[in-house]
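Please open the model in your viewer, with the sequence panel beside it, and follow the stops below in order.

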Amino acid sequence: MTIDPVVLLAEELRAAEQALHVACKTDRNALRGRSGEEICELTSRIKDLSTEIIETKPTSALGASVLVRMAAERLPFAYASYTKHFHEIAGRLDEGQRLLADLIWLRAMRTALSGGLCGREGARIAPLLRLAIEGIRQPVVVFRAVTLAQDSAHPEKDAAIQ
């Protein structure tokens, strides 16, 4: 089974953000407009990855948890109680638990954010929740292989079965 594409993109995004942080810390002249090619490339990469994450549907609860955490990180400080609830849901999703109550709450929050909660910032967070909800809704497929037991008392039957 392949890993969720959202998880891979989120890891790439974290690496690019860390590289940008290091580049800004080490090259003070780049921040003043001199020789900032690396910073411009990293900023462009972060923008592209962010756009790609918003367009990528998660294929598992783990991918949905990444999106829920990203939504929580983007909420204003005034909504800290919501942030805490988002992180609790993401923690359960990390463990593979998909609760109906969490799905209902996320749907209500998506509607509230789309409707004006948190202003323009809320409208930017709502698509993350929409994708997370789609990831949570994915059915879990369990594949079980069945093997026939060999009866050692009747080897001729075993040969006929095969």
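Two terms are needed for the first selections: a residue is called buried when its relative accessible area is under 20%, exposed when it is over 50%, and partly exposed in between, using a 1.4 Å probe and protein chains only; helices are DSSP runs of H or I with at least four residues, strands are runs of E with at least two, and both are numbered from the N terminus. What you see is a predicted model, in which local features need pLDDT of at least 70 and side-chain atom pairs count only at pLDDT 80 or more, while totals for chains, interfaces and linings use all residues. Residues are numbered from 1 along each chain as its sequence is written, and side-chain values use heavy atoms, with hydrogens and water left out.

**The whole chain**

Begin with the entire chain in cartoon view, where the secondary structure comes to eight helices and zero strands, and of the 162 residues 33% count as buried. With contact taken to mean heavy atoms within 4.5 Å, 64% of the contacts between residues at least 6 apart in sequence join residues at least 24 apart.

**Helix H3**

Next select residues 37-55, which form helix H3; at 1.5 Å a residue its 19 residues should span 27 Å, and its end C-alpha atoms are indeed 27 Å apart, where the expected span is 1.5 Å times one less than the number of residues. Show the side chains of Ile39, Leu42, Ile46, Leu49 and Ile53, which are the buried residues of H3. Looking down the axis of H3, you will find that these buried residues fall within an arc of 90°, so they line one face of the helix; the arc is that of the directions from the helix axis to the C-beta atoms. Turned away from that buried side is a face with the exposed residues Glu37, Cys40, Glu41, Lys47 and Glu55.

**H1 against H3**

Now add helix H1, residues 5-26, whose axis comes within 9 Å of that of H3 and crosses it at roughly 155°. That makes H1 roughly antiparallel to H3, since angles under 35 degrees count as roughly parallel, over 145 as roughly antiparallel, 65 to 115 as roughly perpendicular and the rest as oblique. The axes are lines fitted to C-alpha atoms, for helices over the stretch in contact, and the angles run from 0 to 180 degrees between N-to-C directions. Among the residues that meet here are Leu9, Leu13 and Leu20 in H1 and Leu42, Ile46 and Leu49 in H3.

While H1 is displayed, pick Leu8, which lies in this helix and counts as partly exposed at 44% relative accessibility. The C-alpha atoms of Leu8 and Gly63 are separated by 9.0 Å, although the two are 55 residues apart along the chain.

**Ser65 in H4**

Move on to Ser65, found in helix H4, residues 61-74. Ser65 counts as buried at 1% relative accessibility, and, leaving aside residues up to four places away in sequence, Ser65 touches Ala90, Leu93 and Asp94.

**H6, H7 and the loop between them**

Finally, display H6 and H7, which pack at an angle of about 155° with their axes 8 Å apart. That makes H6 roughly antiparallel to H7, and the contact includes Leu106 and Leu113 of H6 and Ile125 and Leu129 of H7. In the loop between helix H6 (100-114) and helix H7 (120-137), select Cys118, which is buried with a relative accessible area of 14%. Cys118 has a positive phi of about 75° although it is not a glycine. Most residues other than glycine have a negative phi.
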